[in-house]
Amino acid sequence: MTVAIVELKRLLIAAEQYLQGSCTIQELHGRATELAAVSHFFQGHRSISELAQEWIAAIDCRWNECNHVSSPLSESEFRAWLEGQLLRLGSAEA
């Protein structure tokens, strides 16, 4: 049985849109946070929670809204990371 995790699909779509320039870093962060919250609330598999936290950390390292990251990711580094994640996790269209 396959269970669709809608929030994960929304995160992947947002990542694709970010790479295309039609999604902001704030929107992407919101999708990752949404996945983390849903995973926590429904006591999802640990790997989903870890994935959400990894994305939140990477996005935060790029966004660096409060200048709290001493070595934030550059835009090119972040885009390369996102592309790698999309390859690893598969297309949102699947």
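**Close-up 1. Gln85 and the residues around it.** Skip the neighbours within four places in sequence, and Gln85 is in contact with Leu51, Glu54 and Trp55. This is a predicted model, so keep in mind that what you see here is a prediction. Gln85 sits in helix 4, which covers residues 75–89. Is Gln85 buried or exposed? With a relative accessible area of 6%, Gln85 is buried, because anything under 20% gets that label. The side chain of Gln85 also has a polar partner: a contact of 2.8 Å joins it to the side chain of Arg88.

**Close-up 2. A salt bridge between helix 3 and helix 4.** Stay with Arg88 for a moment, since Arg88 also forms a salt bridge with Glu54. The closest N and O atoms of that pair are 3.7 Å apart. Here the salt bridge links distant parts of the chain, with Glu54 in helix 3 and Arg88 in helix 4, 34 residues apart. Glu54 counts as partly exposed, at 35% relative accessibility. If you wonder what brings such partners together, side chains of opposite charge can pair when their charged atoms come close.

**Close-up 3. Arg46 and Glu50, a pair inside one helix.** How many salt bridges turn up in a search of the whole structure? The search finds six, and one between Arg46 and Glu50 is shown here. Their closest N and O atoms are 3.8 Å apart. Both residues belong to helix 3 (residues 46–63), and they are four residues apart, about one turn of the helix. Arg46 is exposed, at 62% relative accessibility, while Glu50 is partly exposed, at 44%.

**Close-up 4. Arg79 and Glu75, a pair in helix 4.** Now look at the salt bridge between Arg79 and Glu75, where the closest N and O atoms are 3.1 Å apart. Again there are four residues, about one turn of the helix, between the partners, and both lie in helix 4. Arg79 is partly exposed, with a relative accessible area of 26%, and Glu75 is partly exposed too, at 27%. Elsewhere, Arg10, Arg31 and Glu34 are joined into one network by salt bridges that share partners.

**Close-up 5. Helix 1 packs on helix 4.** Helix 1 (residues 6–20) and helix 4 pack with their axes 10 Å apart, at an angle of about 140°. That angle makes helix 1 oblique to helix 4. The crossing of the two is left-handed. Which residues make the contact? From helix 1 come Leu12, Ala15, Glu16, Tyr18 and Leu19. From helix 4 come Glu75, Phe78, Arg79, Leu82, Glu83, Leu86 and Leu89. Yes, Glu75 and Arg79 are the salt-bridge partners from the previous view.

**Close-up 6. Helix 2 beside helix 3.** The axes of helix 2 (residues 25–41) and helix 3 come within 9 Å and cross at roughly 155°. Why do these two helices count as roughly antiparallel? An angle over 145 degrees earns that description, so helix 2 and helix 3 qualify. Their crossing is left-handed. Plenty of side chains meet here: helix 2 brings residues including Ile25, Leu28, His29 and Leu35, and helix 3 brings residues including Leu51, Trp55, Ile59 and Trp63.

**Close-up 7. Ile25 and its contacts.** Ile25 is part of helix 2. At 11% relative accessibility, Ile25 counts as buried. Which residues does Ile25 touch, leaving aside its neighbours within four places in sequence? The contacts are with Tyr18, Ile59, Arg62, Trp63 and Phe78. For a sense of scale, the C-alpha atoms of Ile25 and Ser47 are separated by 23 Å, with the two residues 22 apart along the chain.

**Close-up 8. Two asparagines in the loop between helix 3 and helix 4.** Asn64 lies in this loop, and so does Asn67. What is the phi of each? For Asn64, phi is near 50°, a positive value in a residue other than glycine. For Asn67, phi is near 55°, again positive in a residue other than glycine. As background, most residues other than glycine have a negative phi. The surroundings of the two can be set side by side: Asn64 is buried at 10% relative accessibility, whereas Asn67 is exposed, with a relative accessible area of 65%.

Definitions and conventions
Residues are numbered from 1 along each chain as its sequence is written. This is a predicted model: local features need pLDDT of at least 70, side-chain atom pairs count only at pLDDT 80 or more; totals for chains, interfaces and linings use all residues. Side-chain values use heavy atoms; hydrogens and water are left out. Buried means under 20% relative accessible area, exposed over 50%, partly exposed in between (1.4 Å probe, protein chains only). A polar contact is a pair of N or O atoms within 3.5 Å; within protein, one must be able to donate a hydrogen and the other to accept it, and residues adjacent in sequence count only if both atoms are side-chain atoms. Contact means heavy atoms within 4.5 Å. A salt bridge is a side-chain nitrogen of Lys or Arg within 4 Å of a carboxyl oxygen of Asp or Glu. Axes are lines fitted to C-alpha atoms, for helices over the stretch in contact, and angles run from 0 to 180 degrees between N-to-C directions. Angles under 35 degrees count as roughly parallel, over 145 as roughly antiparallel, 65 to 115 as roughly perpendicular and the rest as oblique. A crossing is left-handed if the near helix is turned anticlockwise from the far one by less than a right angle, and right-handed if clockwise.
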